[in-house]
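Trainee: Got a minute to go through this model with me? I'd like to start with the salt bridges.

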Amino acid sequence: MAEKHDIVLVNITGVDKPGLMAMVASTLAGYQAAVLDLGQAIIHDTLALGLLVRVADAAAIPALEADLGALLRAEGVPATFQTISHQRYSDWVAAQGKTRYVLTLLARGVYAEQLAVIATIMRDHGLNIETVRRLTGRLPVGRLDSPDQQTSIEFILRGTPTSEVALKSALLEASAAAQFDFSLQRDSVYRRNRRLVAFDMDSTLIDAEVIDELARLHGKGAEVAAITERAMRGELDFKASFRARAALLAGLPERALAEVARTVELNEGADRLLRALQRFGYRTAVLSGGFQYVGDVLRERLGLDYVFANRLVIENGVMTGAVDGEIVDAERKASLLRELAVREGITLEQTIAIGDGANDLLMLDAAGLGIAFHAKPLVRASASHAISDFGLDALLYLLGFSDADIEEALAPLDDQVESG
């Protein structure tokens, strides 16, 4: 028995006009067509519309193609028609079970070379690009050649890579050569439902290493730097190095700590990111090997939900050089992230962690999304995701938010500031 060919793929391309979808749908309705799939994109007023339809009477397909084709030609929008076999349709349905990935590209302008590299890597590792979406806004003519223009593009991929490790390695190598950042995530329900963002503080949320600033004010900068160097050589672990550096602050007035806390600057994009996260309902935390005093100032300033850092002992308005309580090192950061997930009633997959140093790696690895921010090469290579040439607010693109989404969320806050 011959197979019934009652499924048709309709592709329409041309200058977009109001009412085209209504005209197409009305014509299909006249043939009792069921819409199995559809997709539409408009690039610079040019429409690309595709519909996969099943016609009630297969014998009527030539008439449908003639009617719809004539209608669209009259509008100056050509269409093509392709009959799809039931076997091909079944293969398409079966592809729904394949794993989906989201690749987010971050670059200072996106060039054909970068797209070619990414598309080639995806092909070579068994992934197919299903959809592409620009997350950053359109560029005015005057900024087309701006060297600082940030661009983010999201690719939805389907398939099973031959090796996720090899895929990431290829992307890392390409990103260094073609100058872009990327994030590759499985497109799971958790990716769209993350609820807690935890930041390292020094050199991540803020553009400073507070202990270095305090040591400089106290005339102990060289001594603190020497201890830091010993820790980097592996001669001291973080706890020992922190206690040694804190001891050098003995005798420094509390007002110096207050001054540093008051004047410290946020890293690029931090304010925009935090305001957007709070509007979108995320909880925020600082998990830091720095000082609780500074973290508390930032909590008040930024509306953070949690701050966990190290507490200096202060007596009579002067630092004693001692540390009160458990030191927040790499293991403690990861443990705190797990504790906060339990407290918030979420899974670790729903958490995000951002840091720049080796002391953050365990936290980044524990989080559902761990991001190395402006990190050293070893940390960047060890982390699953990295932001190296953008501000902190680039995290919003990794979560799938577009500039339009962000502007809509922040508009009420900006209006309040202007009216105030």
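Trainee: Is Asp393 buried or exposed?

Mentor: Asp393 is buried, at 12% relative accessible area. The cut-off for buried is under 20%, so Asp393 falls inside it. Keep in mind that this is a predicted model.

Trainee: Which side chain does Asp393 meet in a salt bridge?

Mentor: Arg272, with N to O at 3.0 Å. The two belong to distant parts of the chain, 121 residues apart. Asp393 sits in the loop between strand 15 and helix 15, while Arg272 is in helix 10.

Trainee: And Arg272, buried or partly exposed?

Mentor: Partly exposed, with a relative accessible area of 22%.

Trainee: What does Arg275 pair with?

Mentor: Asp271. Their closest N and O atoms are 3.3 Å apart. Both residues lie in helix 10, four residues apart, or about one turn of the helix. Arg275 counts as partly exposed at 24% relative accessibility, and Asp271 counts as partly exposed at 39%.

Trainee: Where does helix 10 pack?

Mentor: First, the sheet. It is open, with seven strands in the order 12-11-10-9-13-14-15 and mixed pairing. Strand 12 (318–324) and strand 15 (385–387) are the edges, each pairing on one side only. Neighbouring strands are turned by 30° against each other on average, direction ignored. Helix 10, residues 270–279, packs on this sheet and touches strand 9 and strand 10. The helix direction makes about 155° with that of strand 9.

Trainee: How many bridges join strand 9 to strand 10?

Mentor: Four, and the two strands run parallel. Strand 9 covers residues 196–199, strand 10 residues 283–291. Take Val197: its bridge partner in strand 10 is Thr284.

Trainee: Which side chain does Arg283 meet in a salt bridge?

Mentor: Glu344, at 3.1 Å, N to O. This pair also links distant parts of the chain: Glu344 is in helix 12, Arg283 in strand 10, 61 residues apart. Arg283 is partly exposed at 32%, and Glu344 is partly exposed at 24%.

Trainee: How many salt bridges does the structure hold?

Mentor: It holds 25. Arg100, Glu130, Arg158 and Asp187 are linked in a network of them.

Trainee: Arg158 is in strand 7, right? How many residues of strand 7 are buried?

Mentor: Nine of the nine, so strand 7 (residues 151–159) is largely enclosed by the rest of the structure. Both faces are covered. On one side Thr151, Ile153, Phe155, Leu157 and Gly159 are buried. On the other, so are Ser152, Glu154, Ile156 and Arg158.

Trainee: Which strands does strand 7 pair with?

Mentor: Strand 5 (residues 100–107) pairs with strand 7 in the antiparallel sense over eight bridges. There, Thr104 stands opposite Glu154. Strand 6 (residues 127–134) is also antiparallel to strand 7, over seven bridges. In that pairing, Val132 has Phe155 as its bridge partner.

Trainee: Switching to the surface. Which residues form a nonpolar patch?

Mentor: Met21, Val35 and Leu38 form one, with about 250 Å² of accessible area together.

Trainee: Where is Val35 placed?

Mentor: In strand 2, residues 34–43. Val35 is partly exposed, at 46% relative accessible area.

Notes. Residues are numbered from 1 along each chain as its sequence is written. This is a predicted model: local features need pLDDT of at least 70, side-chain atom pairs count only at pLDDT 80 or more; totals for chains, interfaces and linings use all residues. Side-chain values use heavy atoms; hydrogens and water are left out. Two strands pair if DSSP finds at least two bridges between them. Axes are lines fitted to C-alpha atoms, for helices over the stretch in contact, and angles run from 0 to 180 degrees between N-to-C directions. Contact means heavy atoms within 4.5 Å. Patches are made of residues with over 30% relative accessible area and no salt bridge: like charges are joined within 9 Å, nonpolar side chains (Val, Leu, Ile, Met, Phe, Trp, Tyr) within 5 Å. Accessible areas come from the Shrake-Rupley method with a 1.4 Å probe; for residues, only the protein chains shown count as cover. A salt bridge is a side-chain nitrogen of Lys or Arg within 4 Å of a carboxyl oxygen of Asp or Glu. Buried means under 20% relative accessible area, exposed over 50%, partly exposed in between (1.4 Å probe, protein chains only).
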